[in-house]
Amino acid sequence: MKPEDDFYIGWQSDAPLSIRKVVWRAVIALALIVPILAGLLVWQQRGFSGAVFEYGTLTTLEGELIRTPVPFLRVPVKQTADNAPLFERVLLIGFNKRGADSTLNAWERKYGPLTNKRLKVRGTLIYHDGKAALELTEEADALIDVSGIKPSSIPPVSSTLGQSSLGIVRLTGEITDPKCMLGVMKPGQGRPHRSCAVRCIAGGIPPLLAVQNRSGQRNYYLVVGPMGEPLNASILINVGRSVELRGRLEQADNWLILYTDSVQPLAQAPLDRSMQVAMCW
Amino acid sequence: MALNYLPVSWNGQKKLYDWTIAGLATVYLVIFCGLQAVLFPDVTAETIIIRATSTLAFLMLHVILIIGPLCRLSTRFLPLLYNRRHLGVSMFLVASVHGIFSVIQFHSRGNVDPLVSLFTSEPGYEHLSQFPFQTLGFFALLILFLMAATSHDFWLKNLSPRVWKTLHMGVYVVYGLLVMHVLLGVLQQETATVYTVVLGIGMALVIGLHLAAAIVSQRTDSRPLGQAMDGFVEVCDVHEIAENRAKTLMINGQNIALFRYDGKVSAINNQCRHQNGPLGEGKIIDGCITCPWHGYQYLPHNGQSPPPFTEKVETYAVKCISTRVWVDPTPAPPGTPQTPALLNGQ
Ligand code: HEM
Ligand code: FES
């Protein structure tokens with residue numbers, strides 16, 4: 001039976017010793033568990049990519065606007081030995097979870113057609129693994145200057161500017177949104193990030209296939225339809241999942257663009273398979 | 001109690017309780033965020049906030065859930081229960097930082113309303129691997145909000161204890177939702193075995209302690225010893241009950257607390273009108289049965305709280321034949337006076 005003093009109600013000012021002892025032990029146990037757990041949960045994380053989003057820093061770039069199949073600014077980076085200029089493309093992305101098109105359309109309403117014109121544009125850089133994007137953070141005000149192309153420094157305008165075909169390929173990877181993947185969010189892909197990637201791609205940011213080889217190196221492919229049309233709406237269901245894409249691969253300066261005619265989700269996820277096994281039991 | 005829930009609210013013990021919660025939560029957040037920044041400098045501030053607050057809230061929920069069964073197993077843990085609602089409200093606040101940040105981070109500034117996005121961005125409701133785990137977190141947070149908003153005794157009184165208690169049993173629904181929220185969400189990406197093991201230990205503690213408490217209280221609930229006679233059943237020997245304490249009985253579905261005091265024995269319903277606390281685990285203090293959970297008091301002979309309070313519980317007729325105690329398990333309406341059984345010859 002319980003000893004007389006072994007009873008305590010919170011509104012009494014002091015607890016009997018036997019009770020105080022137990023409560024103190026519980027508090028000490030918690031005081032040990034709390035730091036251990038905090039440390040363990042952090043330490044065991046997978047880690048985050050070294051991708052960079054220069055939040056708060058605006059960078060001005062000058063280059064030629066390319067609008068199809070996805071919007072790029074084509075920036076001359078250096079001259080090669082035979083004096084041919086070398087270009088790098090910076091993917092243009094809108095502010096928030098939006099593609100660049102609404103901003104580019106606003107510019108064109110003001111200045112007339114801008115395709116293949118030379119633009120001075122200010123925005124926030126996002127970069128990872130040799131790929132860069134520019135967020136048009138200031139939207140309509142991000143366009144600082146427009147000029148024609150100087151024929152001497154830039155090759156003649158053509159629709160396949162700097163683009164070359166690499167043939168038909170079949171690729172397996174995860175559909176991500178380039179904005180987060182290249183640095184705006186960490187992690188910028190995978191299961192927990194999926195809903196955000198869906199928002200970004202639904203908002204017009206071109207989908208990006210991230211392909212990882214056995215040694216963990218990654219390659220990225222911008223994904224468009226067979227004629228270069230956007231696939232954003234139809235690909236939403238497959239965002240953040242393992243898929244196999246087939247199509248014509250083209251190199252556009254430092255980017256790879258996949259003109260895909262087939263998007264196949266890969267075989268059932270292990271979780272669904274084990275669920276089915278469990279249900280059959 | 002109901003009439004003076006404001007005045008009794010604050011004492012040294014409660015303050016100590018709140019400081020302990022705040023201190024431990026701060027230690028957790030400082031270590032989590034600090035270590036995150038040192039070990040993974042590439043991480044973003046949003047992810048640190050989302051992960052630090054979610055894991056802290058989930059840890060707090062585990063503590064909240066194991067306090068109940070611990071108290072059933074040993075009354076010495078009761079001081080942890082007394083102020084548990086502060087722990088609950090703090091947990092809700094921490095969890096809402098996680099929820100709100102997640103909604104902003106993943107769903108805001110897109111082409112649809114954030115809450116529409118939460119429910120529609122991942123339409124794979126039929127596949128476990130693609131189930132929109134964030135909606136589970138949303139419903140958990142919603143229930144936690146309702147619980148936190150009604151945690152004050154004002155609501156307990158207004159909603160009636162039954163409705164209130166039912167609402168607050170929602171914490172178990174919350175726990176289930178959150179286990180799935182974690183399993184179907186972050187554990188699909190962060191696949192280190194440690195996470196599964198830690199979650200497993202947490203679940204084992206919560207479930208194991210609840211089972212243990214249920215088994216133990218089943219064992220301590222006495223059942224009638226023999227046949228009924230004039231409606232009375234023999235339940236125990238008077239010496240089995242300590243002075244100013246009770247024995248709990250389960251007869252015909254009636255949960256009865258049988259108290260012995262001042263050479264008398266009285267029986268009232270075991271469930272406190274406040275939050276169904278186990279009155280039979282309480283004690284008679286200043287002539288009143290005092291609930292072990294938050295100290296509501298009832299007079300043993302009529303089940304009424306002493307004036308000015310108005311709580312009442314059902315009472316039962318009791319008689320003593322030599323040293324044997326007999327109880328009529330038919331409940332009399334709450335607050336009905338009964339003649340206490342005198343311990344003859346003592
Ligand atoms: C509107 C409500 C909620 C939303 C939108 C939400 C969203 C999320 C997201 C997106 C993640 C993955 C984050 C990551 O990449 O690490 C996550 C994880 C998690 N959530 Fe929630 N959540 C909500 C409510 C809750 C609540 C109420 C709790 C209660 C404690 C909770 C506990 C957790 C835990 C423990 C994790 C795993 C750790 C982590 O990844 O942060 N969540 N939640
Ligand atoms: S005093 Fe709260 S349950 Fe009895």
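This is a short tour of a predicted model, with stops at the contact between chain A and chain B, a strand in chain A, some salt bridges and one asparagine in chain B.

**Stop 1: the contact between the chains**

Start by showing chain A and chain B in two colours. Select the residues of each chain that touch the other: you should pick up 62 residues from chain A and 76 residues from chain B. Together the two chains bury about 6,200 Å², and carbon and sulfur atoms give 63% of that area. Now put F7(A), W11(A) and R191(A) in sticks. These three supply 12% of the area that chain A buries against chain B, more than any other three residues.

Next, look at the polar side of the contact. There are 23 residue pairs in polar contact between chain A and chain B, counting pairs with both residues at pLDDT 80 or more. To see which elements of chain A take part, select α1 (17–43), α4 (194–202) and α6 (270–280), each of which gives two or more residues to the side that touches chain B. The largest share comes from α1(A), with 17 residues. If you colour this side of chain A by residue class, you will find 34 nonpolar, 16 polar and 12 charged residues.

**Stop 2: E122(B) and its two arginines**

How many salt bridges run between chain A and chain B? The count is two. Centre the view on E122(B) to find them. One partner is R191(A), with the closest N and O atoms 2.6 Å apart. This pair crosses between chains: E122(B) sits in the loop between α5 (114–120) and α6 (133–149) of chain B, and R191(A) sits in the loop between α3 (178–184) and α4 of chain A. Are these two residues buried or exposed? E122(B) counts as buried because its relative accessibility is 2%, and R191(A) also counts as buried, at 9%. Then add R194(A), whose side chain meets that of E122(B) in a salt bridge at 3.6 Å, N to O.

**Stop 3: strand β6 of chain A**

Hide chain B for a moment and select residues 131–135 of chain A, which form strand β6. Five of its five residues are buried. Turn on the side chains: K131(A), A133(A) and E135(A) point one way, while A132(A) and L134(A) point the other way. In a regular strand, side chains alternate between the two faces of the sheet.

Now bring in the strands that pair with β6(A). Strand β4 (residues 85–93) of chain A runs parallel to β6(A) and is joined to it by four bridges. Strand β5 (residues 118–128) of chain A pairs with β6(A) in the antiparallel sense, over five bridges. L134(A) is a handy residue to click on here: L92(A) stands opposite it, and L125(A) has it as bridge partner. Follow the chain from β5(A) to β6(A) and you pass through a hairpin with two residues between the strands, where D129(A) takes a positive phi near 50°.

**Stop 4: salt bridges within a chain**

Over all chains, the structure holds 22 salt bridges. Side chains of opposite charge can pair when their charged atoms come close. For one example in chain A, select D101(A) and R67(A), whose closest N and O atoms are 3.1 Å apart. D101(A) lies in helix α2 (residues 101–111) and R67(A) in the loop between β2 (59–66) and β3 (72–79), so the pair ties together parts that are 34 residues apart in sequence. D101(A) is partly exposed at 37% relative accessibility, whereas R67(A) is buried at 16%.

For another, go to chain B, where the side chains of K247(B) and E240(B) meet in a salt bridge at 3.5 Å, N to O. Here K247(B) counts as buried at 16% relative accessibility, and E240(B) counts as partly exposed at 38%. Back in chain A, add E108(A) to your selection: salt bridges that share partners join R67(A), D101(A) and E108(A) into one network.

**Stop 5: N269(B)**

Finish with N269(B), in strand β4 (residues 264–269) of chain B. N269(B) is buried, with a relative accessible area of 7%. What does its side chain reach? A polar atom of the N269(B) side chain lies 2.8 Å from the backbone nitrogen of Q271(B), and a polar contact of 3.1 Å joins the side chains of N269(B) and Y316(B). Leaving out residues up to four places away in sequence, the residues that N269(B) touches include Q254(B), A257(B), L279(B) and V313(B).

Note on methods. Residues numbered from 1 in each chain as written. Chains lettered and ligands numbered in written order. Predicted model: local features only at pLDDT ≥ 70, side-chain atom pairs only at ≥ 80, totals over all residues. Heavy atoms only, no water. Contact = heavy atoms within 4.5 Å. Buried area = accessible area lost by both parts, 1.4 Å probe. Salt bridge = Lys/Arg side-chain N within 4 Å of Asp/Glu carboxyl O. Polar contact = N/O pair within 3.5 Å; in protein donor to acceptor, adjacent residues only side chain to side chain. Nonpolar A, V, L, I, M, F, W, Y, C, P; charged D, E, K, R; others polar. Buried < 20%, exposed > 50% of the residue type's maximum accessible area, 1.4 Å probe, protein only. Pairing = 2+ DSSP bridges.
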